[in-house]
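Trainee: I am new to this structure and would like a close look at a single part of it. Could you take me through one helix pair and then the core it belongs with?

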Amino acid sequence: MNLRETFRYLGYHGQEPDEAAKNLAVICWKELEQAATPRSFYREYPLEFTGDTGIVTPVFETQSANLRKNLKDCEKLLVFAATLGAGVDHLIQRYTKIQMSKAVILQAAAAAMLEDYCDEVNEQIRRDYEIRGLYLRPRFSPGYGDFPLSCQPQLLGCLEAGKRIGITLTDSYLMAPSKSVTAVIGVSPVSRTCTVKGCEACGKTDCTYRRG
């Protein structure tokens, strides 16, 4: 029950929420835990670079300086997707009609829950790869920096995400269920001790691999 991240998503920067807000957030988390059906899936692909910013995989090709920096020294790439399931969307939609204050907190809590779930799954993947002498970079999602959202269909398609974990995509690249995420994760023989929680959780601001 990650209340700290929930209130960060709600915009409580340096502010302490009152007891009523905390109590409502606890109630929201308990309802989310009942509604959520977290699932994830990933596949590994070879990775090549072209020019200064080109990235080539069997799944997608793109130009992205930000992603290229993140993938420095990597020889493979994981395509990853995760979702909390349709039940969370239904819960939020229901409260949007009857109690907007609760719907807003549910949105924030669901974002925090999805991030925590991805961190847990990525930590297990990291351990599995380190046994083989390989190291993961932090996950990097389409829409972050200059990694284009137009790569989203290829990422979901290669994972057969609709069939495997129930994620579909609209023409405008919005995922359903809405509390879903895709990402790529670099795999390298070079250890950089990157945290699975990503650059935002790391204090090393001068890191060559930092996303931004």
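**A helix pair and the nonpolar core**

Mentor: In this predicted model, the contact between two helices brings Val 88, Leu 91, Ile 92, Tyr 95, Thr 96 and Ile 98 of α4 against Met 100, Lys 102, Ala 103, Leu 106, Gln 107 and Ala 110 of α5. Sorted by character, the residues of this contact are 9 nonpolar, 2 polar and 1 charged. Helix α4 covers residues 86-98 and helix α5 covers residues 100-131, and the two pack with their axes 6 Å apart at an angle of about 155 degrees. Because angles over 145 degrees count as roughly antiparallel, α4 is roughly antiparallel to α5, and the crossing of these two helices is left-handed.

Both helices also appear in the next part of the picture, the largest nonpolar core, which has 35 residues and in which Leu 32 and Phe 80 have the most contacts. The elements giving two or more residues to this core are α2 (19-35), β5 (76-83), α4, α5 and β9 (180-188), and the largest share, 13 residues, comes from α5.

Phe 80 deserves a look of its own: leaving aside neighbours within four places in sequence, Phe 80 is in contact with Ser 40, Phe 41, Tyr 42, Cys 118, Val 121, Asn 122, Ile 125, Leu 159, Val 181, Thr 182, Ala 183 and Ile 185. Beside this core there is a second, separate one of 23 residues, which includes Val 59, Phe 60, Leu 155 and Ile 165.

Conventions: Residues are numbered from 1 along each chain as its sequence is written. This is a predicted model: local features need pLDDT of at least 70, side-chain atom pairs count only at pLDDT 80 or more; totals for chains, interfaces and linings use all residues. Side-chain values use heavy atoms; hydrogens and water are left out. Axes are lines fitted to C-alpha atoms, for helices over the stretch in contact, and angles run from 0 to 180 degrees between N-to-C directions. Helices (H or I, at least four residues) and strands (E, at least two) are DSSP runs, numbered from the N terminus. Angles under 35 degrees count as roughly parallel, over 145 as roughly antiparallel, 65 to 115 as roughly perpendicular and the rest as oblique. A crossing is left-handed if the near helix is turned anticlockwise from the far one by less than a right angle, and right-handed if clockwise. Contact means heavy atoms within 4.5 Å. Ala, Val, Leu, Ile, Met, Phe, Trp, Tyr, Cys and Pro count as nonpolar, Asp, Glu, Lys and Arg as charged, and the others, Gly among them, as polar. A nonpolar core is a set of buried Ala, Val, Leu, Ile, Met, Phe, Trp, Tyr and Cys residues joined through side-chain atoms within 4.5 Å. Buried means under 20% relative accessible area, exposed over 50%, partly exposed in between (1.4 Å probe, protein chains only).
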